[in-house]
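Q: Could you walk me through this structure? I'd like to start with the overall fold and then go into the details.

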Amino acid sequence: MSTNPGVAPSALHCPVPMRWGDMDAYGHINNVEIVRMLEEARVHAFGPPGGTGGPGIAPAVPLFTDVPPGTQSLVVEHRIRYVAELTYRNIPADVDVWISALKGASLTLAYVISDPVTGKPCVRAETTLAFVDGTTGGLQRLTPEQKEMAAAYMGDPVFA
């Protein structure tokens, strides 16, 4: 659990490796790679989308894994604010992730990426995802089970 201000008490902590190739000419993690790190934290915390990849370690909260067959969880929007440089280090960055909004057919995840040495927050972000029927393309409402699973990880949004 993080002690950074603005991180929800219910946040899941996900160490995400910084790769040498993620660094830009200024020595910090490139903005495109930040989006990859958000995805890695999301999958680490809430599982890979159902029906993708092979068997592995079960996620802490199988929100995206335990879905009806054919369900896709698709990114609707990313919002990112860079508040400090995330300098490349050969140790994982600290990423805290929680759910900041829950609607009928979508949810929003909030993140804070912090420097693993200084603990200083470097990135605040949110991702909105929707559940979609892979065959029809229609939105799928969150089930009562998904809402119950998500409720334990609710917190404030990072953007007011």
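Q: What kind of model is this, and how are the residues numbered?
A: This is a predicted model, in which local features need pLDDT of at least 70 and side-chain atom pairs count only at pLDDT 80 or more, while totals for chains, interfaces and linings use all residues. Residues are numbered from 1 along each chain as its sequence is written, and side-chain values use heavy atoms, with hydrogens and water left out.

Q: OK, how many helices and strands does the chain have?
A: The chain has 2 helices and 5 strands, where helices (H or I, at least four residues) and strands (E, at least two) are DSSP runs numbered from the N terminus. Read from the N terminus, the order is β-α-β-β-β-β-α.

Q: And how compact is the chain for its length?
A: The radius of gyration, taken over C-alpha atoms, is 16 Å, close to the 15 Å that the globule rule (2.2 Å times the number of residues to the power 0.38) gives for 160 residues, so the chain is as compact as a globular protein of that length. Its C-alpha trace spans about 45 × 30 × 25 Å along the principal axes.

Q: What share of the residues is buried?
A: Of the 160 residues, 42% count as buried, meaning under 20% relative accessible area, with exposed being over 50% and partly exposed in between (1.4 Å probe, protein chains only). Looking at contacts (heavy atoms within 4.5 Å) with a separation of 6 or more, 66% are between residues 24 or more positions apart.

Q: Which residues sit at the heart of the largest nonpolar core, by touching the most other members?
A: That core has 32 residues, and those touching the most other members are Met-37, Phe-46, Leu-86, Val-97, Leu-107, Leu-109 and Ile-113. A nonpolar core here is a set of buried Ala, Val, Leu, Ile, Met, Phe, Trp, Tyr and Cys residues joined through side-chain atoms within 4.5 Å.

Q: Which elements feed into this core?
A: Two or more residues each come from strand 1 (12-16), helix 1 (31-46), strand 3 (93-102), strand 4 (106-114) and strand 5 (121-133). Helix 1 gives the most, with 6 residues.

Q: What does Leu-109 touch?
A: Setting aside residues up to four places away in sequence, the contacts of Leu-109 include Arg-42, Phe-46, Phe-64, Val-97, Trp-98, Ala-125 and Leu-129. There is also a second, separate core of 8 residues, among them Val-7, Ala-8, Ala-110 and Val-112.

Q: Switching to cysteines, how many disulfides are there?
A: There are 0 disulfides in the structure, a disulfide being a pair of cysteine sulfur atoms within 2.5 Å.

Q: Why is there no bond for Cys-14?
A: The cysteine sulfur closest to that of Cys-14 belongs to Cys-122 and is 16 Å away, which is too far for a bond. Cys-14 counts as buried at 1% relative accessibility, and Cys-122 is buried with a relative accessible area of 1%.

Q: Now charges: how many salt bridges does a search of the whole structure find?
A: The search finds 5 salt bridges, each defined as a side-chain nitrogen of Lys or Arg within 4 Å of a carboxyl oxygen of Asp or Glu.

Q: Which side chains does Glu-33 meet in salt bridges?
A: One is Arg-19, at 3.0 Å from N to O, and this pair links distant parts of the chain, with Glu-33 in helix 1 and Arg-19 in the loop between strand 1 and helix 1, 14 residues apart. Glu-33 also meets Arg-36, at 3.1 Å from N to O, and these two, 3 residues apart in helix 1, are separated by about one helical turn.

Q: Buried or exposed, those residues?
A: Glu-33 counts as buried at 17% relative accessibility, and Arg-36 is buried too, whereas Arg-19 counts as partly exposed at 41%.

Q: Where are Arg-89 and Asp-115?
A: Arg-89 is in the loop between strand 2 (71-82) and strand 3, and Asp-115 is in the loop between strand 4 and strand 5, 26 residues apart. Their side chains meet in a salt bridge (3.0 Å, N to O); Arg-89 counts as partly exposed at 24% relative accessibility, while Asp-115 is buried at 4%.

Q: Last one, which residues are joined into one network by salt bridges that share partners?
A: The network joins Arg-19, Asp-22, Glu-33 and Arg-36.
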